Structure formats: structure tokens, C-alpha cells
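Please look over the sequence and the model before reading on. The notes below take up a few local features in turn.

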Amino acid sequence: MVQQIDMNKVEELAGKVIGDVAGAMSLFMAFLGDKAGVFDKLDGQGRVSLEKAAELTGLNPKYLHQWLGSVCAAGYITFHAQDETFEVTPEQALIMGREGQPACMQGFIELVVAQYAAHEKAAETFKSGEGRGWDQHLPCCFSGIDRFFRPGYEANLVAEWIPALQGVEQKLKDGASIVDIGCGHGSSSILMAKSYPNSTVYGIDFHEPSIEVARQKAKDAGVDNVRFDVARAQDYAGEGYDFACIFDALHDMGDPVGAASHIRKTLKDDGTLMLVEPMAGDSMAENMHPLGQIFYAGSTLMCTPASLAQEVGLGLGAQAGQARLTEVLGEAGFGNVKRSAETATNMVLEVTA
């Protein structure tokens with residue numbers, strides 16, 4: 001059977017691919033600009049000529065000219081054709097620079113670049129169907145993850161998410177025992193330790209290099225009510241915790257039911273688990289939008305391979321949705337799950353016995 005080809009649809013899809021390629025190249029250009037500090041060095045300078053931009057950045061003007069052509073076409077920097085000057089507007093500075101601001105996207109971009117850099121391993125994993133351990137990713141993957149998520153935690157964790165949980169904020173102010181599971185570089189743990197000095201925070205992650213970074217960050221921050229250990233979610237030490245939290249990590253675990261079951265056993269009877277997971281509907285049809293596109297891609301490259309590399313290998317994926325997560329938590333012995341808060345990218349579930 002010979003299928004008819006609709007050339008209008010071919011041209012439409014080809015046009016979309018060209019746009020996607022342009023976006024992919026623009027992200028890499030933004031990554032180069034971040035590493036060279038271009039956005040921050042031009043931030044607040046107003047309109048500058050190529051020569052002035054080269055002076056401010058210390059870059060070869062020939063390279064800079066080509067780079068500016070790309071990022072200006074992408075809208076990351078503004079080109080003023082009247083006098084051929086370049087400007088990083090305040091809005092562009094918030095997105096492309098100003099490290100630590102909630103709107104800064106450079107961590108997200110670094111995370112994407114890390115996946116391209118390890119493309120051979122990604123292709124091998126995808127074709128084989130086998131797992132890929134978290135330790136098989138490049139260091140810029142972990143730093144990108146931390147850079148992307150940290151501003152969101154700083155903006156929402158203490159101000160919005162914890163206050164939305166029944167009775168938890170007061171416990172933490174009075175002095176409570178907190179376990180932060182899958183803490184990565186420790187940004188969430190350190191933030192809670194600073195915000196609730198009467199409480200103690202125990203951050204655990206099975207990735208030793210990340211724990212080493214977390215320990216150094218805690219030392220640099222001068223907080224002494226937080227400690228970090230290399231441990232798995234299924235069998236970390238301690239019991240009688242008042243509060244447990246998992247930030248964008250349950251779906252990465254090979255045995256999320258086993259992990260949640262251990263959390264249930266180590267919490268006090270009136271303890272609370274705060275589960276932060278990527279925003280998702282309960283069906284694929286509900287996730288057919290740009291954010292879902294990004295999360296499914298990240299899940300293909302990082303989350304599902306990490307799960308399949310561990311025992312059980314459930315492979316929840318980054319778009320599991322609240323209903324599926326509730327099933328997992330129910331199997332683990334939790335009786336109550338409700339959405340207490342949300343952002344454009346995350347859902348915050350309050351989980352109790």
C-alpha cells in the first residue's frame with residue numbers, strides 16, 4: 001500500500017525541526033556565555049558597541065561578534081540595528097544571569113548540555129534497555145541540577161511549601177528532627193538548617209560525590225545543625241523523625257515503595273512526609289505540552305535509567321502523576337495524600353499515616 005505524502009505537513013514539520021535546532025544551538029551559546037560571564041558583565045551597561053562589549057568581557061571580538069549574532073537572533077540579548085549596539089535588558093539578565101535568582105535558567109541549560117556531552121552513553125543505554133547508574137553522568141549534570149532547583153527551593157520551600165503543611169512549620173521552629181532523602185548537593189538541607197536553627201537536619205544520598213559537595217557547602221555556610229551521609233532511601237539510619245522530605249527524587253528510585261515504606265517506619269506516628277515531584281497529569285494526554293516534553297525527555301535520559309539501574313527497577317518516570325504516586329505511597333503504608341501546594345513545575349504532596 002502506497003501512502004500519500006502531504007507536502008504541507010512535511011514542510012510544517014521541517015520548519016518545526018529547524019526551530020528546534022535553532023533552540024538547541026541557542027542553549028549551547030547561552031551555556032558558553034554563562035561560562036564566560038558575558039551576561040553578567042553586560043548586565044546594567046545599557047547599549048554597548050561590539051568593541052565595548054569585547055572590552056568588558058575580555059573576549060576576542062571576532063568570536064564575540066558571531067556569538068552575539070546567535071544570541072540576539074534568539075532574543076537572549078537585544079540588538080539595536082539603528083546604531084548596531086547590544087544590550088542585556090533587566091528581563092534578559094534575570095533569565096540568563098544573576099545566579100541564584102529564581103528566574104535564572106542557566107542551571108537548566110547546563111543540565112541539557114550535560115546530556116548532549118554524554119550522548120554516546122545515553123544512546124547505548126536507550127538501545128540496550130539496561131539501567132544507567134547516577135554515577136555514570138558527568139559532573140556538570142549534578143551541578144546543573146543543583147543550580148536549577150536551588151533558586152526554586154529558596155523562593156518556595158520556607159515561604160510557601162512548609163507553611164502549607166498541617167502543623168509542620170511550628171514543629172520545625174520549636175525544634176524537630178528532619179531527614180532530607182536524596183538531598184544531592186544539599187541545598188534544601190542547608191536551607192532548612194538555616195531557617196530552623198532549633199531543628200536538626202540529616203541529609204542522605206546514595207551518590208557519594210554529591211554528599212562530599214554537600215558537606216563542603218554546609219561547612220562554607222557555617223551551619224552546624226545539619227549532617228550528611230551516603231545512604232540509600234530504603235535503609236538510612238535513625239528513627240523518630242518529625243519530618244521527612246524528598247525533592248524531585250522518588251521517581252528516580254528503583255524501589256520507591258520500599259523507600260516510602262522505610263520512611264513510614266522512621267517517622268513518628270504524627271510525622272509528615274513532604275513529597276515534591278515534577279508537575280504532571282495522570283495520563284500522557286494531559287502532559288502533551290512543552291513542560292511535559294521536557295520532563296519526558298529528562299526521564300528518558302536520567303530518571304528512568306537511574307531507576308532501572310537499582311533493585312526492583314520500577315521506573316516510575318518523571319511524569320508519574322499524583323494518582324500513581326498515591327498508589328505507591330499507599331502500598332508503603334501511608335493513608336493520607338493531598339496536594340498542599342504547587343508551582344508551574346512542581347507538585348507538593350503532604351503525606352501522613
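What follows is a short report on a predicted model, covering an annotated domain, a residue in a helix and a further helix.

## The annotated domain

In its unreviewed entry, UniProt places the feature "domain: Methyltransferase" at residues 173–287. Over residues 173–287 the chain of the model is 31% helix and 30% strand, and the C-alpha atoms at the two ends of that range are 38 Å apart.

## Threonine 266

Threonine 266 belongs to helix α12, which is made up of residues 256–266. Its relative accessibility is 4%, and because buried means under 20% relative accessible area, threonine 266 counts as buried.

The side chain of threonine 266 is joined to that of tyrosine 236 by a polar contact of 2.6 Å. When residues up to four places away in sequence are not counted, threonine 266 touches Tyr236, Gly238, Glu239, Gly240 and Tyr241.

## Helix α13

Helix α13 covers residues 290–308, and its 19 residues reach 26 Å from the first C-alpha to the last, which is close to the 27 Å expected at 1.5 Å a residue. The helix nevertheless bends by about 55° at serine 299, and Ser299 is itself among the buried residues of α13.

The other buried residues of this helix are Gly292, Phe295, Gly298, Met302, Cys303, Pro305, Ala306 and Ser307. As for their surroundings, the buried residues of α13 pack against the helices α6 (106–117), α7 (119–128) and α8 (139–161), and also against the strand β7 (267–278).

Key. Residues numbered from 1 in each chain as written. Predicted model: local features only at pLDDT ≥ 70, side-chain atom pairs only at ≥ 80, totals over all residues. Heavy atoms only, no water. Helix = DSSP H or I, 4+ residues; strand = E, 2+ residues; numbered from the N terminus. Expected span 1.5 Å × (residues − 1). Bend = angle between axes of the 7 residues up to and from the residue. Buried < 20%, exposed > 50% of the residue type's maximum accessible area, 1.4 Å probe, protein only. Contact = heavy atoms within 4.5 Å. Polar contact = N/O pair within 3.5 Å; in protein donor to acceptor, adjacent residues only side chain to side chain. UniProt positions renumbered as here; feature names shortened; annotations may be inferred.
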